[in-house]
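Please read the report below alongside the sequence and the coordinates. The account moves from residue pairing in a sheet to helix packing and then to the domains.

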Amino acid sequence: DRFRFEALLACGSFGSVYRAVDTYRNNELVAIKVQKKPEARFHVAQRQQEETCIHAALYGHPNIVSLWGAYETPGGVYHHMDLSDGIDLHDALKQKIFADRPGLLKRGFGQIISALAYMHGKRFYHRDIKPENILLSADLRTWRLCDFGLATPDDWTRGKGAGSGFYRSPESLVGEYDNGPADVWSLGMTLLYLVTGRKPWAKATPDDKLYSLFLESGPKFFLVLGDMTAEFFQFIRRFFELDPKKRITLRE
């Protein structure tokens, strides 16, 4: 009875997000993520509980969407969150909003580095960094990390990896891997897409011809994606070290 749902904002594998009115707080506009309770699937229920705990533990960082409350009913799990007054980074890229605003892009990306460093500092890993999971304020000056459906407190992922196709690191596609450097690879892919407007390959696997070309030619492969300064090239190449231990760190 507390929330009056107004519109569907997003729909994904782990639930749907709605714009809603909080009738207990002067009809404030909020975001509500709704997840159906699984039937006889313990691992899914455990994943939902873990998402709630991780998101709650990240409360207070200005560049992470705040979780204000979590509620359960016989049919579902509800997350009460901040409502973004802008769009997500994916839509901003499609609209080429940052084409002539490098200062805003640099400022915003720095905020996401700060958010992810804060998360890693608490020993949590996002495992699904991509433009769709970065929300922008209407004035484009504040960027916030969202969607912790794949987040984990485990330093290593074993078995089936996590993440979204193009943004996944090579090691996440073949077996056990360290979650910290894998998040950094995904962050680098997001930045590369931001700056060049192009995705270099579909998936970081040897059967992808463009990825195979990257393996053969090394980081200079990125120079064909578009104009980039020598300084940016030297910076971005460090995100894509094939050895995770040699990859740039968030502190750097």
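Ser16 has Val34 in strand 3 as its bridge partner, and strand 2 (residues 15-22) and strand 3 (residues 28-36) run antiparallel, joined by seven bridges. Strands here are DSSP runs of E with at least two residues and helices are runs of H or I with at least four residues, both numbered from the N terminus, while two strands pair if DSSP finds at least two bridges between them. The model is predicted, with pLDDT of at least 70 needed for local features and 80 or more for side-chain atom pairs, whereas totals for chains, interfaces and linings use all residues. Residues are numbered from 1 along each chain as its sequence is written, and side-chain values use heavy atoms, with hydrogens and water left out.

Three of the antiparallel pairings can be set out together.

| Strand pair | Bridges | Residues opposite each other |
|---|---|---|
| Strand 1 and strand 2 | eight bridges | Ala7 and Arg19 |
| Strand 2 and strand 3 | seven bridges | Ser16 and Val34 |
| Strand 4 and strand 5 | five bridges | Gly69 and His80 |

Strand 1 and strand 2 form a hairpin with two residues between them, whereas the hairpin of strand 2 and strand 3 has five residues between the strands, and there Asn26 takes a positive phi near 55°. The open sheet has five strands in the order 1-2-3-5-4, with antiparallel pairing. Strand 1 (3-12) and strand 4 (67-72) each have a single partner strand and stand at the edges, so one side of each is left without a neighbour in the sheet.

The axes of helix 3 (residues 102-121) and helix 4 (residues 179-196) come within 12 Å and cross at roughly 170°, the axes being lines fitted to C-alpha atoms, for helices over the stretch in contact, with angles from 0 to 180 degrees between N-to-C directions. Helix 3 is therefore roughly antiparallel to helix 4, a term for angles over 145 degrees. Among the residues that meet, with heavy atoms within 4.5 Å, are Leu105, Phe109 and Ile112 in helix 3 and Leu187, Leu191 and Leu194 in helix 4.

The protein chain is divided into domain 1 (3-82) and domain 2 (87-239), with bounds from an automatic or database domain assignment. Between domain 1 and domain 2 about 1600 Å² is buried, of which carbon and sulfur atoms give 63%; buried area is the accessible area (1.4 Å probe) that two parts lose on being put together, summed over both. Ile54, Leu58 and Asn63 supply 34% of the area that domain 1 buries against domain 2, more than any other three residues.

Methods
Parallel < 35°, antiparallel > 145°, perpendicular 65-115°, else oblique.
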